[in-house]
Amino acid sequence: MRFEESERLKSIKPYLFAEIERIIDRKKEEGLDVISLGIGDPDIPTPQDVIDTLCMEANNPENHRYPSSYGLKIFKEAVAKFYYERFNVKLDPDKEIIPLMGSKEGIPVLSYTYINPGDYAITTDPSYIVYRVSTGFAGGKIFMLPLKKENNFLFDLNSISEDVVKKAKVLFFNYPNNPTSAVCDISFFEEVASFAFKNNIIVCHDNAYSDTYAGDTKPASFLNARRALDTGVEINSFSKTFNMTGWRIGYAVGNPEIVASMGKYKTNVDSGVFNAIQYAAAKAFDNYEKYVSYNNEIYNNRRITVKKALDSMGIDYYDSNATIYVWAEVPEGFTSESFSKMVLEKANVVVTPGNEFGKYGEGYFRISLTISDDRLEEALNRMINIL
Ligand SMILES: *Cc1c(COP(=O)(O)O)cnc(C)c1O
């Protein structure tokens with residue numbers, strides 16, 4: 001037997017982090033205590049009433065049957081209420097909301113729903129890798145807009161050639177941004193929406209970090225922009241907002257025609273999200289302000305700790321108060337990868353090399369704030385000692 005991977009799978013570039021992972025494995029075998037500041041996966045538990053709701057609903061045999069790909073009414077009404085209270089966006093629960101198995105799932109779903117071979121998808125560099133991979137799976141080509149420090153990691157739509165604009169079908173973007181932690185305001189969303197409307201491009205805004213921020217300025221929704229509902233969807237998640245990465249639930253909201261087409265695709269590929277999980281997730285919105293402020297206080301203290309430590313190491317970073325990451329510059333003489341390897345070899349601490357997210361991430365590394373305060377401090381002290 002020969003198991004030949006499909007061309008689409010073979011075309012995925014080897015995972016840059018692989019070598020760092022080999023070093024981690026070796027160190028763990030040697031019994032060394034490796035601390036990871038790599039992945040963004042909240043350490044704070046899921047709210048108890050969400051867990052209690054899951055247990056109760058899991059005991060109801062009615063929930064043991066196939067769910068609908070289009071989602072439970074009670075779930076969609078809870079999302080609509082949240083979008084109205086949090087963003088002042090009015091949504092029709094029946095037509096403008098669909099649950100996803102994590103917001104990540106929405107990216108391949110949208111790609112397969114709209115991208116034909118040869119079409120372009122536009123996204124950013126650096127970015128969450130899934131936008132690129134999903135576009136490739138659907139046979140599309142990718143055009144990447146650089147995110148640069150001098151522009152506060154916002155992109156310039158005027159830099160896209162006429163030819164690419166003509167062939168572009170989808171634009172994927174994300175603010176508050178992973179990995180740079182940059183935020184944008186409504187006027188930027190307005191620019192994107194009017195560009196997309198003029199050029200007939202579907203927008204997919206990824207708002208996974210809408211509720212991880214410090215201070216009084218809450219991140220907006222893409223749907224706050226004029227024309228946004230005419231041109232796109234926003235995907236959002238329970239993963240970071242409610243510490244529910246393992247639960248695999250998120251949603252897409254926005255243009256009813258796009259939402260319906262995503263549902264049409266989903267009915268043919270999966271059969272929706274377990275109803276008990278939809279009931280539990282809906283419950284999370286009941287006390288969302290309490291949970292969000294609880295999480296953000298923890299992240300903010302950790303963010304301050306990280307910034308202070310980086311200051312004392314003489315390392316520059318992008319000064320933002322959003323997301324669960326700090327985006328920092330590698331010291332002189334290092335590349336992203338050589339710096340990450342050096343920190344791992346000498347301090348037994350994992351940081352993510354910025355070039356993991358694209359070539360414009362070169363020269364940076366990302367620290368995640370999703371680790372307990374004492375382990376975070378231990379990791380930072382180790383870094384201070386070797387630098
Ligand atoms: C973490 C993250 C998500 C969340 O994905 P889920 O599938 O909802 O867990 C989505 N987009 C970005 C950019 C992320 O960093």
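Good morning. Helices and strands here are DSSP runs, helices being H or I over at least four residues and strands E over at least two, numbered from the N terminus. The model I am presenting is predicted.

With those element names in place, I begin with a loop. P176 sits in the loop that lies between β5, residues 168-173, and α8, residues 186-199. The peptide bond leading from Y175 into P176 is cis, and its omega is near -10 degrees. A second cis bond runs from D125 to P126, with omega near 5 degrees. P126 likewise belongs to a loop, the one between β3 (120-125) and α6 (130-137).

The backbone also deserves a remark at N88. This residue is not a glycine, yet its phi is positive, at about 60 degrees. N88 is found in the loop between α4, residues 73-87, and β2, residues 97-100. As general background, most residues other than glycine have a negative phi, and most peptide bonds are trans.

I turn now to the ligand. Which residues are closest to the ligand? They are D206, Y209, S239, K240 and R248, within a surrounding set of 14 residues. Sorted by class, that shell holds 4 nonpolar, 6 polar and 4 charged residues.

Three polar contacts with side chains may be of interest for the discussion. A nitrogen atom of the ligand stands 2.6 Å from an N or O atom in the side chain of D206. For S239, an oxygen atom of the ligand is 2.6 Å from an N or O atom of the side chain. For N178, the distance from a ligand oxygen atom to a side-chain N or O atom is 2.8 Å. As for burial, the ligand on its own has 390 Å² of accessible area, of which the protein covers 94%.

My last topic is a pair of helices. In general, two packed helices are described by the angle between their axes and the distance between the axes. Here the helices are α13, residues 336-347, and α14, residues 373-386; their axes come within 10 Å and cross at roughly 100 degrees. Angles of 65 to 115 degrees count as roughly perpendicular, and α13 and α14 are therefore roughly perpendicular to each other.

Which residues make this contact? From α13 they are F339, M342, V343, K346 and A347, and from α14 they are R382, M383 and I386. By class, the contact of α13 with α14 comprises 6 nonpolar and 2 charged residues, with no polar ones.

Thank you; I welcome the discussion.

Note on methods:
Residues are numbered from 1 along each chain as its sequence is written. This is a predicted model: local features need pLDDT of at least 70, side-chain atom pairs count only at pLDDT 80 or more; totals for chains, interfaces and linings use all residues. Side-chain values use heavy atoms; hydrogens and water are left out. Axes are lines fitted to C-alpha atoms, for helices over the stretch in contact, and angles run from 0 to 180 degrees between N-to-C directions. Angles under 35 degrees count as roughly parallel, over 145 as roughly antiparallel, 65 to 115 as roughly perpendicular and the rest as oblique. Contact means heavy atoms within 4.5 Å. Ala, Val, Leu, Ile, Met, Phe, Trp, Tyr, Cys and Pro count as nonpolar, Asp, Glu, Lys and Arg as charged, and the others, Gly among them, as polar. A residue is near a molecule or strand if one of its heavy atoms lies within 4 Å of it. A polar contact is a pair of N or O atoms within 3.5 Å; within protein, one must be able to donate a hydrogen and the other to accept it, and residues adjacent in sequence count only if both atoms are side-chain atoms. Accessible areas come from the Shrake-Rupley method with a 1.4 Å probe; for residues, only the protein chains shown count as cover.
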